Amino acid sequence: MKIFKILLLSLLLFNTGELQAEEVKKVLIMVSNMIDMGDPEKHEARNDLFEVAPPYHVFVNHGYDVDFVSPQGGEVHFMREPLGIISYTIKYEGFLEKTKNTLSPNQVNPNEYWGVFTGGGYGVMFDVANNTKLHSIIAKIYESGGVVGVGGHGSASIVNVKLSDGEYLVKGKKIAGFPNSTETSKPWAKQGTLLPFLIESQLNKNGAKAQNKETLPDKSEVVVDKRIVSTMFLPSAALVAKEMINLVK
């Protein structure tokens with residue numbers, strides 16, 4: 001009986017150690033180094049503060065350490081002025097310190113992270129969507145059982161990611177992203193003519209089931225499918241972070 005108790009205690013301690021090991025894993029946020037789209041008029045391409053800072057706040061307030069990575073590393077830039085909880089996370093939660101010193105892809109060990117999130121801003125479509133080193137990080141986190149989250153144009157970061165078997169990460173999954181009709185009717189990127197691709201078309205081309213305001217009944221909806229959490233709606237970026245946490249728990 002005494003031996004049984006010792007074995008049981010050892011098992012409990014071993015399991016506790018495993019939980020603690022998992023708890024120290026971090027979240028990785030991918031951001032763009034772009035400022036404009038490279039056109040003569042310099043159309044806006046900075047990261048969208050409203051789609052990056054709120055998820056960061058959610059992760060931090062659930063006890064997770066967060067790292068930022070960008071294609072070039074170093075400082076990244078944001079559009080929009082901080083409001084409400086965003087002002088709080090900038091002042092008290094180290095947001096600016098992290099985003100002024102983002103990691104480069106070579107500095108990232110995917111094994112340290114249980115999840116990876118990418119927010120919006122057009123820049124993602126130009127320097128993250130075609131970055132194979134960042135794609136490899138996303139694929140390794142996902143294939144290790146991790147969670148992938150995207151908001152707004154952040155879905156461009158995963159649309160071209162391939163897994164180790166050669167299949168696209170998005171294949172067969174419902175992924176939210178901006179519809180072609182929005183991109184081609186708005187002046188943000190000259191009716192889409194400045195963009196390297198259209199997210200809806202690229203998602204469908206690579207086997208995803210593209211979701212957007214034309215297919216989703218709830219305009220603030222978050223789509224969850226096989227450990228990928230996505231939304232195209234700016235106010236729902238924080239909800240993506242919360243759903244990612246729910247999945248990992």
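**Exercise 1. Contacts of I158**

Take I158 in this predicted model. Find which residues it contacts, leaving aside neighbours within four places in sequence.

*Solution.* Start from I158 and skip its neighbours within four places in sequence. The contacts of I158 are then I138, V148, V150, L169, V170, I175 and I228.

Next, place I158 in its core. The largest nonpolar core has 38 residues. I158 is among the members that touch the most other members, together with L28, M30, M125, I138, L169 and L203. Two of the contacts of I158, namely I138 and L169, are in that group as well.

Now go to the elements. At least two residues of this core come from each of β1 (26–30), β5 (113–118), α5 (123–127), α6 (132–143), β6 (147–151) and α8 (199–205). The largest share is that of α6, with 6 residues.

Finally, look beyond this core. Another core lies apart from it and has 27 residues, including V52, V58, F59 and V66.

**Exercise 2. Two lysines with positive phi**

Locate K42 and K226, give the phi of each, and decide whether each is buried or exposed.

*Solution.* Take K42 first. Its place is in the loop between β1 and β2 (47–48). Phi of K42 is near 55 degrees, a positive value in a residue other than glycine. The relative accessible area of K42 is 56%. The cut-off for exposed is over 50%, so K42 is exposed.

Turn to K226. This residue lies in the loop between β9 (223–225) and β10 (228–231). Phi of K226 is near 50 degrees, again positive in a residue other than glycine. With a relative accessible area of 52%, K226 is exposed.

**Exercise 3. The largest pocket**

Give the volume of the largest pocket, and describe its lining by residue and by class.

*Solution.* Begin with volume: about 370 Å³. Then count the lining, which has 17 residues. Nearest the centre of the pocket lie D48, R80, H153, F178 and W188. By class, the lining has 7 nonpolar, 4 polar and 6 charged residues.

Now bring in L234. This residue sits in the loop between β10 and α9 (237–248). Leaving aside neighbours within four places in sequence, L234 contacts D48, F50, E51 and R80. Of these, D48 and R80 are among the lining residues nearest the pocket centre. L234 counts as partly exposed, because its relative accessibility is 25%. The C-alpha atoms of L234 and K42 are separated by 23 Å, and the two are 192 residues apart along the chain.

**Exercise 4. The setting of H62**

Where is H62, and which residues does it contact beyond four places in sequence?

*Solution.* H62 is in the loop between α2 (49–61) and β3 (66–69). Outside its neighbours within four places, H62 is in contact with K242, I245 and K249. At 33% relative accessibility, H62 counts as partly exposed. H62 and S104 are 42 residues apart in sequence, and 25 Å apart from C-alpha to C-alpha.

**Exercise 5. The whole chain**

Compare the radius of gyration with the value for a compact globule, then summarise the fold.

*Solution.* For 249 residues, a compact globule would have a radius of gyration near 18 Å. The protein has 19 Å, which agrees. The C-alpha trace spans about 75 × 40 × 35 Å along its principal axes.

Add the elements: 9 helices and 10 strands. Of the 249 residues, 52% count as buried. Last, check sequence separation. Among contacts between residues at least 6 apart in sequence, 75% join residues at least 24 apart.

Note on methods
Residues are numbered from 1 along each chain as its sequence is written. This is a predicted model: local features need pLDDT of at least 70, side-chain atom pairs count only at pLDDT 80 or more; totals for chains, interfaces and linings use all residues. Side-chain values use heavy atoms; hydrogens and water are left out. A nonpolar core is a set of buried Ala, Val, Leu, Ile, Met, Phe, Trp, Tyr and Cys residues joined through side-chain atoms within 4.5 Å. Buried means under 20% relative accessible area, exposed over 50%, partly exposed in between (1.4 Å probe, protein chains only). Contact means heavy atoms within 4.5 Å. On a 1 Å grid over the protein atoms alone, a cavity is a set of points where a 1.4 Å probe fits but cannot get out, and a pocket is an open set with protein on both sides within 12 Å along at least five of seven lines; lining residues have an atom within 4 Å of a point. Grid points are joined across faces, edges and corners, and a volume is the space filled by probe spheres set on the points. Ala, Val, Leu, Ile, Met, Phe, Trp, Tyr, Cys and Pro count as nonpolar, Asp, Glu, Lys and Arg as charged, and the others, Gly among them, as polar. The radius of gyration is taken over C-alpha atoms; the globule rule is 2.2 Å times the number of residues to the power 0.38.
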